[in-house]
Amino acid sequence: MSLDKNTVAKIAKLARIRVPEEELEPLAGELNTIIGFVEQLGEVDTDGVEPMTSAIEHEMFQRDDVVSDGGYPDRVLANSEHANMGFFTVPKVVE
Amino acid sequence: MTKLTGLTIAQAREGLKNKEFSAVELATEYNAAVEAARPLNAFITETPEKALEMAKASDDRIAKGEAGIMEGIPLGIKDLFCTEDVLTTAASHILDGFKPQYESTVTTNLWKSGATMLGKLNLDQFAMGSANITSFYGDVINPWKREGDNTDLVPGGSSGGSSAAVAAHAVAAATGTDTGGSIRQPAALTGTVGIKPTYGRCSRWGIVAFASSLDQAGPMTRDVRDASIMLEAMAGYDPKDATSVNVPVPNYEASLENGVKGLRIGIPKEYRVDGMPAEIEKLWQQGIEWLKAAGAEIVDVSLPHTKYALPAYYIVAPAEASSNLSRYDGVRYGLRVCDEGDSLDDMYEKTRAAGFGDEVKRRVMIGAYVLSAGYYDAYYLKAQKVRTRIAEDFNNAWKSCDVLLTPSTPSAAFAKGENSDPLSMYLNDVFTVTANLAGLPGISVPAGLDSNGLPLGLQLVGKPFDEETVLRTAFALEQAAGFEAKPQFMAG
């Protein structure tokens with residue numbers, strides 16, 4: 001499997017990272033090196049092997065369904081330079 | 001009189017207890033050392049006033065007989081741990097100006113045990129790297145140099161600010177995080193001790209996430225005793241981290257004296273990799289002899305899937321990173337790049353293009369690719385199955401041994417540019433990454449110098465939640481190695 005320029009443009013879009021047209025080709029080369037490296041996993045027989053879902057086996061606990069934190073919108077918004085009237089703001093989405 | 005910055009945690013604690021000096025005096029000397037360490041670029045943010053303020057509180061607690069196990073000990077904190085009202089950057093432009101309104105569980109535990117904060121330490125951007133050359137805040141310089149050669153060397157990564165600061169005595173100890181070797185590899189490259197505990201031992205809450213199924217915090221210290229003390233202070237169950245495991249935290253320091261008599265040390269043959277320098281092979285053999293002489297039994301074991309660990313890692317870690325890093329969108333904190341008339345998508349794309357470094361972008365894009373429709377089974381699912389195979393290898397090994405001994409890294413510290421392409425850089429973690437994939441505890445202990453006078457480390461990997469055996473074996477290695485060498489550059 002080899003990534004071409006168009007695939008890289010598609011991945012960049014998925015990842016929401018703007019990549020200038022002239023950087024797509026070199027980036028394809030870099031990503032292909034990594035993809036080529038990981039493809040050796042194909043050599044491993046994994047028939048009937050369960051995928052790992054947790055590094056350490058342990059029971060997930062259930063917590064009580066109660067509000068345990070919150071109630072301080074000013075602290076939630078403290079790191080936004082674009083907060084307004086108790087909300088985060090973004091560019092207009094709906095005309 | 002000995003410099004206060006020359007004391008280990010255990011020694012400083014003793015001095016504070018006996019009123020030989022105060023926590024404020026200790027913090028004052030360390031604040032000067034932090035300043036003297038500036039040529040290393042180990043810190044992103046220095047917090048001298050906070051250090052003094054916390055030290056005053058420590059002195060009060062000592063006077064009242066309420067000292068904790070790390071009382072008055074000045075630490076550097078990797079800038080991946082959220083610290084309340086103190087800039088937290090993950091060494092990335094995208095977190096510009098971010099001052100968390102909360103404190104990570106691990107640092108909360110450390111402050112509760114009495115430790116004080118000297119500042120926030122540099123790292124590879126989002127902990128992605130093995131040389132600390134991907135930080136938005138510049139490269140960190142290793143205080144060690146090759147004999148007769150003034151070339152700057154890398155301190156390892158991603159916890160490179162931590163390793164450099166500990167080695168140069170700019171801090172008594174530091175926190176690190178380890179996703180594929182980011183505590184153990186920089187420890188090995190700087191002649192310091194670093195332990196990555198079992199996955200689930202330290203809470204991940206409040207640590208900037210890289211790859212959540214692999215990330216673990218741990219201490220980086222001058223010796224094994226200090227690592228034991230500091231790990232006890234950092235560890236513990238935390239209901240805010242769903243993968244935190246509710247098991248008691250032992251008194252690790254107490255287990256150090258138990259020795260290794262009768263302990264079975266496994267030597268995995270697959271760790272003899274092509275192109276490994278003869279010096280590292282020789283040091284490994286020396287480590288085997290040391291443990292044998294201390295009464296341990298040496299057992300040959302096989303971990304047949306070792307060579308597939310790095311490729312599995314470079315699917316799992318980028319996949320999880322691409323998901324974790326989707327939160328950096330310019331909306332709620334940090335950098336926002338948005339021009340007049342831009343759409344929301346324009347803002348996301350421009351912010352992330354300007355905010356992430358090249359290595360972060362590469363990994364986020366690899367992750368997006370291996371998780372995308374049509375490729376998920378071939379890459380991500382396959383890697384998670386290989387991961388099961390790697391864990392099975394270890395489970396089989398534990399039938400015949402109690403702890404594994406391997407080299408920590410395939411080379412000593414190198415200069416920037418000597419390992420320049422991404423793939424050669426990834427190979428730095430060839431011996432450490434298996435423990436992350438299987439969730440196991442691992443430690444790097446300085447064991448000797450190479451022919452250039454640079455430190456080399458040996459690694460021990462143990463069973464889940466058996467940090468006690470890892471630490472006491474490390475203690476035996478440390479005593480046998482008698483590693484006393486110091487780097488050319490000392491800050492304190």
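Which residues is Pro143(B) in contact with, leaving aside its neighbours within four places in sequence? I started my notebook with that one, keeping in mind that this is a predicted model.

**Entry 1: Pro143(B)**

I found Pro143(B) in the loop between β3 and α5 (160-167) of chain B. Leaving aside neighbours within four places in sequence, I listed its contacts as Leu40(B), Ala164(B), Ala167(B), Ala168(B), Pro487(B), Gln488(B) and Phe489(B). I then looked up a partner far along the chain: Ala491(B) is 348 residues away in sequence, yet the two C-alpha atoms are separated by 9.1 Å. Is Pro143(B) buried or exposed? Its relative accessibility is 2%, and buried means under 20%, so Pro143(B) counts as buried.

**Entry 2: Gln125(B)**

I stayed in the loop between β3 and α5 of chain B, where Gln125(B) lies. I noted 4% relative accessibility for Gln125(B), so this residue counts as buried too. Which side chain does Gln125(B) join through a polar contact? I found Ser92(B), at 2.9 Å. Not counting residues up to four places away in sequence, Gln125(B) touches several others, among them His93(B), Thr134(B), Phe136(B), Phe356(B) and Val360(B).

**Entry 3: helix α3 of chain B**

Next I checked a helix length. Helix α3 (residues 48-63) of chain B has 16 residues, and at 1.5 Å a residue I expected a span of 22 Å. The end C-alpha atoms are 23 Å apart, which agrees.

Which residues of α3(B) are buried? I wrote down Ala51(B), Met54(B), Ala55(B), Ser58(B) and Ile62(B). Looking down the axis of α3(B), I saw that these buried residues fall within an arc of 110 degrees, so they line one face of the helix. A reminder to myself: an α-helix has 3.6 residues a turn, so residues three or four places apart point the same way.

On the face turned away from the buried side of α3(B), I found the exposed residues Glu49(B), Glu53(B), Lys56(B) and Ala63(B). I also asked what covers the buried residues of α3(B); the cover includes α1 (9-17), α2 (23-36), α4 (105-112) and β3 (116-121) of chain B. Just after the helix, Gly65(B) takes a positive phi of about 75 degrees.

**Entry 4: the core**

How many residues does the largest nonpolar core have? I read off 186. Those with the most contacts inside this core are Met70(B), Leu110(B), Phe126(B), Met365(B), Phe394(B) and Leu405(B). Helix α10 (residues 309-324) of chain B gives the most to the core, with 10 residues. I picked Leu110(B) for a look at its surroundings: leaving aside neighbours within four places in sequence, its contacts include Met70(B), Leu75(B), Ile77(B), Thr175(B) and Met230(B).

**Entry 5: where the chains meet**

I turned to the two chains together, and found 48 residues of chain A in contact with 70 residues of chain B. Between them the chains bury about 5,100 Å², 69% of it on carbon and sulfur atoms. Which three residues supply more than any other three of the area that chain A buries against chain B? They are Arg18(A), Met52(A) and Asn79(A), with 15%.

**Entry 6: Gln40(A)**

My last stop was Gln40(A), in the loop between α2 (21-38) and α3 (73-76) of chain A. Not counting residues up to four places away in sequence, Gln40(A) touches Lys307(B), Tyr308(B) and Pro311(B). A polar atom of its side chain lies 3.1 Å from the backbone oxygen of Phe37(A). I also compared Gln40(A) with Ser68(A), 28 residues apart along the chain, and found their C-alpha atoms separated by 47 Å.

Note on methods. Residues are numbered from 1 along each chain as its sequence is written. Chains are lettered from A and ligands numbered from 1 in the order in which they are written. This is a predicted model: local features need pLDDT of at least 70, side-chain atom pairs count only at pLDDT 80 or more; totals for chains, interfaces and linings use all residues. Side-chain values use heavy atoms; hydrogens and water are left out. A nonpolar core is a set of buried Ala, Val, Leu, Ile, Met, Phe, Trp, Tyr and Cys residues joined through side-chain atoms within 4.5 Å. Buried means under 20% relative accessible area, exposed over 50%, partly exposed in between (1.4 Å probe, protein chains only). Helices (H or I, at least four residues) and strands (E, at least two) are DSSP runs, numbered from the N terminus. Contact means heavy atoms within 4.5 Å. The expected span of a helix is 1.5 Å times one less than its number of residues. The arc is that of the directions from the helix axis to the C-beta atoms. A polar contact is a pair of N or O atoms within 3.5 Å; within protein, one must be able to donate a hydrogen and the other to accept it, and residues adjacent in sequence count only if both atoms are side-chain atoms. Buried area is the accessible area (1.4 Å probe) that two parts lose on being put together, summed over both.
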